[in-house]
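Here is a short briefing on a protein structure. Read it with the model open beside you.

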Amino acid sequence: MNQQAVSRNGLDQRAEPLKLRSRPWAATLILIGGLIALALGIAVSVSFGAADIKLSVVWTAVFHFNPDITEHQIIRELRLPRVLGGVMVGASFAVAGAIMQGMTRNPLADSGLMGINSGAGFALAVCFAFFPNLSFMYLILYSFIGAGAGAGIVYGIGSLAKGGLTPARLVLAGAAFSALLSALSEGVALYFKIGQDLAFWYAGGLAGTKWFQLQVMSPWVIAAIIGAIVLSRSITMLSLGEDIARGLGQRTGLVKLAGALIVLILAGASVAVVGAVGFVGLIIPHLTRYLVGVDYRWIIPCSAVLGALLVVGADLTARMINPPHETPVGAIISLIGVPFFLYLARKERREL
Amino acid sequence: MQRTKVISFEEARRKHGLNVLGVLAALIVIMFIISVNTGYIRLTPLELLNTLFGKGTDKQELILFQFRLPRIVISILIGAALAVSGAVMQGVFRNDLADPGILGINAGAGLMVMLMVSFYPTTSAAPVYLLPVVAFVGAAFTAALIYSLAYKRHQGIAPIRLLLTGVAVAAGMSAAMIVLTLRLDPDKYQFVATWLAGSIWGTSWKFVLSLLPWIVILLPYVIYKARVMNVLNLGEQTATGLGAHVTREQFRLLAAAVGLAASSVAVSGGIGFVGLVGPHLARRLVGPKHQLMLPASALLGALLVITADTIGRRILQPSEIPTGIVVAVIGAPYFLYLLARTKS
């Protein structure tokens, strides 16, 4: 009896108009506050490091660049690309996670958990081994292909199962497939003696980010994020359930295809730059949904800002823990992400 | 009438099971011979026999007794240990996909071993006999952690929640390991990387000796408990009704499983999926009764690891692919196949 009442209540809530459960004012606040915090984070990140540089110097380095001053050089060539890479990668992973969670209605969806990151990683390991002189442009392209193949296989195996695709099953298929791909990547790395090149990359790091990487990556990422925002209304509908979306006149197949492409571009490009950083796409969309409600027109931009903030913050932490040594960003985010994942796995009642 | 029929069926099954065990043992012997012959320097079967009986040249004896034999013995031991460990975990948790690798227990053991190795100045200075003990501490701690995180009041341990918890804990442990590996000097780094990939690195008799006591004690203990495991398989309530001390037996069996997994991790790094594949194939071949299933798992696990090790050494002579990678390439697709087959 009691349970029935609860479920009916749940249905009632879902049937309520979207406006009631989204909080545009909270979202606006997050966007503005988040952007300010991000600007501050970027400033701190640029000025902090092995050589501490005053903020006023940072200002002149950016706006009145003088190549003769070493500090200007450090800022221009090392720190700026690094922090901008963090912004881009954080936004990408978070938006990719938000789209996946919305489209599949799977609370545990994340590019790291679903074989996308390891697929891209394996493609890159193969590239490093067989075509060491490949340009970054092609690296990104192969990384997309690897991401797509990884996601396709995990998703396919998950849906082959009797009883359909459950979140838990998707995570398990992702874990097993990632284990297989990392075994293969490790094999390639050991054989071609590129282990230590790949190791840092596997751990996830922003240290080596270069301007040309950003140049190659940014058009893709910006286009994909704009695409995600365009698609956001349809994703909100899909997140209500496929039947409802179809009932509202949506061509769900087309939306899913577009969403999947955007996810692959975002995750593939990010993995090519920082390596296998997981859990950003898991944590941020959940946090955002909690703060701004269920409307993806707000969730996607807010996720982008908060994701960027998380990665920039994690990178800053990674540099502060044990200077002058770097701690991989991926490890730092895992340390936040693992407890969060455990919490979600406990909370999820129906499926688990 | 009915009764005699049932007995004869059981009898037939037992006979069939014993035949399977015999075939598996024969296959291990065959793989053993192939494996002894695999390597940069080849020994003909005749030379092999001569060397075994002490009539080979010094060089042949060195290759056989100091390099190949210990390695093969270790493969057999850890294969058996990991498979039986997986069989026990699948039985105790009544979860088809349980395996010390997937549950994060290997990662926990590995983290402790790595901590210890990184504190010693050189890899050879680390006391070998302590490694399994250290690994056991890490594995036991991880098992306790996973158990308490997956446990919910009134619901106990839900199979899927246990697996998800294990996957997450394993991710946390690997993150910690990555942080540690990056601080190592290049020499140790190479060692740790190979070890983590599941290479059988302890290729000398002292590693066999450090592994042997664990396996000689725990393996027969678990097989001795086969009847208890049959009863546990009926479900907690039925088992309690039949007079089993469920919690106590579960605890003992799990401790044994953790010990088996940990001692293998200490010498072989993270070989995953053996604990998954072994018991499943065993169940298919000899049925679910643990008296036959456990020995069959042990033999299948040993066969899998010795085969993978031989393949790994053969593909890229004279360098080699770590056994763990070969096992993962065989085991992961099998896991995915099982996942697709089981109902939620």
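Two residues are in contact when they have heavy atoms within 4.5 Å of each other. By that rule, 39 residues of chain A are in contact with 41 residues of chain B. This is a predicted model, in which local features need pLDDT of at least 70, side-chain atom pairs count only at pLDDT 80 or more, and totals for chains, interfaces and linings use all residues. Residues are numbered from 1 along each chain as its sequence is written, chains are lettered from A in the order in which they are written, and side-chain values use heavy atoms, with hydrogens and water left out.

**Where the chains meet**

- The area buried between chain A and chain B is about 3500 Å² (the accessible area, with a 1.4 Å probe, that two parts lose on being put together, summed over both).
- Carbon and sulfur atoms give 77% of that area.
- The count of salt bridges between chain A and chain B is zero (a side-chain nitrogen of Lys or Arg within 4 Å of a carboxyl oxygen of Asp or Glu).
- On the side of chain A that touches chain B, the elements giving two or more residues are α7 (136-160), α8 (167-192), α9 (195-203) and α15 (329-347).
- The largest share of that side, 16 residues, comes from α8(A).
- By class, that side of chain A has 28 nonpolar, seven polar and four charged residues. Nonpolar here covers Ala, Val, Leu, Ile, Met, Phe, Trp, Tyr, Cys and Pro; charged covers Asp, Glu, Lys and Arg; the others, Gly among them, are polar.

**Chain B as a whole**

- Chain B has 14 helices and two strands (DSSP runs numbered from the N terminus: helices are H or I, at least four residues; strands are E, at least two).
- Of the 344 residues in chain B, 54% are buried (under 20% relative accessible area, with a 1.4 Å probe and protein chains only).
- Take the contacts in chain B with a separation of 6 or more: residues 24 or more positions apart account for 76% of them.

**Helix α13 of chain B**

- The end C-alpha atoms of α13(B), residues 290-315, are 36 Å apart. Its 26 residues should span 38 Å at 1.5 Å a residue (1.5 Å times one less than the number of residues), which agrees.
- In α13(B), 20 of the 26 residues are buried, so this helix is largely enclosed by the rest of the structure.

**A closer look at Ser264(B)**

- Ser264(B) lies in helix α11 of chain B, residues 246-268.
- Ser264(B) counts as buried because its relative accessibility is 0%.
- The side chain of Ser264(B) reaches the backbone oxygen of Leu260(B) at 2.8 Å.
- Leaving aside neighbours within four places in sequence, Ser264(B) is in contact with Ile78(B), Ala81(B), Leu82(B), Leu211(B) and Gly269(B).

Key
Buried means under 20% relative accessible area, exposed over 50%, partly exposed in between (1.4 Å probe, protein chains only). A polar contact is a pair of N or O atoms within 3.5 Å; within protein, one must be able to donate a hydrogen and the other to accept it, and residues adjacent in sequence count only if both atoms are side-chain atoms.
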